[in-house]
Amino acid sequence: MTYHPKSDFMRVMIERGYLADCTDYQGLDEALSKGVVTAYIGYDATAKSLHVGHLLNIMMLRWLQKTGHQPITLMGGGTTKVGDPSFRADERPLLTPAQIDDNIEGMKQVFAKYLDYDRAEAPALMLNNAEWLDGLNYLEFLRDIGRHFSVNRMLSFESVKSRLDREQSLSFLEFNYMILQAYDFLELNRRYGCLLQMGGSDQWGNIINGIDLTRRVLDHEIFGLTTPLLTTSDGKKMGKSQGGAIWLNGDMLSPYEFWQFWRNTTDADTGKFLKLYTELPVEECDRLGALQGAEINEAKIILANEVTTLLHGAEAAAAAAQTAREVFEKGGVGDDLPTVTLTADEGADGISIVQLFVRSGLAKSGKDAKRLFGENGAKVNDQAHTDGGWMVTAADLATPLKLSAGKKRHALIQLK
């Protein structure tokens, strides 16, 4: 990209690889270099925790605040009642208001690690779109807002077109989602002077809608900026692992497992991830990413330590690194491994080794565990294990059992 930005924020976005598209590079750069810009990203409350897939745009909000601007984390208390249809094959299950509130409480814990909501100048704001969406009068909304939307244009957006092309049903409820998200941008501009919406490139159509609506209703100039949709070098969606989502809340995924996820980054992704997910200087990220052979492993440990420190703190990162050393270098068990604690009843009755691999998260299902046994990928106490019929009893658990799936994923089984 040949554009040379004046503002620190745009320079960081371009240099570190956050930028996919912007509605007006120069207009936004001018606004950012003149004074404090307020920007937001919306988060629907579909789970109790955010996951690694959200971390890219959380880092964008962090850089926004670090460069002197004001981030808004907009919780979708209202829009979650509808569900974002973007690039989904089916309709999201509808959640109750109580479930949505519960999820928002869980998600809030993560934002506080990355953003400062208490500082005197440009503090981060935590808002909930239920504040203006819950009280909308349907007929007034149709008349004042609905008239600005062309159905022909909405049907042309890729997120809608892909559903219709596959002849999958798109409910009227979901079709309204993009109008509600556009209305969020309008309200944030009206109430808080918000000039910028950011999000993944799958949100481009929704962002454009908000910009158009705000221009028509308020005659204000506002902007949109999107990040690339990240896949790992082997083509997988960023944030998905064999064991499921990589959650950011420590009670849903231990700091050790989080650290281990980053330590297992492929060689080809290490430099890119250092730029996106840490605050190390760009030159250092490039130097580490270019290392070869065994040396790249040191870069991956730095990546894991830096990312885990941001989320869980330096102590948790150091403990995870120490556990990894014990597990991999010394063949020990480490203090920090994911642990399954069995009750005395389970120990007395016996529980199959297949179930233990599933319960510890080392296998997705019994079938997956049996496949591991068949392919010599399973170990018990560092010895290859192929007997899927073994019933583990209290006698076997006099000392904890260490289970392993491949070389890098481990868990402990102990008796209460």
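## A pair in helix α14

Let's start with Glu 284, which pairs up with Arg 287 in a salt bridge, their closest N and O atoms sitting 3.0 Å apart. Keep in mind that this is a predicted model. Both residues belong to helix α14, which runs over residues 282-289, and they are three residues apart there, so about one helical turn separates them.

How buried or exposed is Glu 284? Its relative accessible area comes to 27%, which makes Glu 284 partly exposed. Arg 287 is partly exposed too, with a value of 45%.

## A pair in helix α1

Helix α1 (residues 8-16) has a pair with this spacing of three residues, about one helical turn: Asp 8 and Arg 11. Their side chains form a salt bridge with an N to O distance of 3.7 Å. That still makes the cut, because the limit for a salt bridge is 4 Å.

As for accessibility, Asp 8 is partly exposed at 43%, and Arg 11 is partly exposed at 33%.

## Arg 371 and Glu 375

Another salt bridge links the side chains of Arg 371 and Glu 375, with 2.9 Å from N to O. Here the two partners fall into separate classes: Arg 371 is partly exposed at 36% relative accessibility, whereas Glu 375 has 53% and counts as exposed, because the exposed class begins over 50%.

## A network, and the total

Which residues are joined into one network by salt bridges that share partners? They are Glu 131, Glu 187, Arg 190 and Arg 191.

And how many salt bridges turn up across the whole structure? The search finds 20.

Definitions and conventions. Residues numbered from 1 in each chain as written. Predicted model: local features only at pLDDT ≥ 70, side-chain atom pairs only at ≥ 80, totals over all residues. Heavy atoms only, no water. Helix = DSSP H or I, 4+ residues; strand = E, 2+ residues; numbered from the N terminus. Buried < 20%, exposed > 50% of the residue type's maximum accessible area, 1.4 Å probe, protein only.
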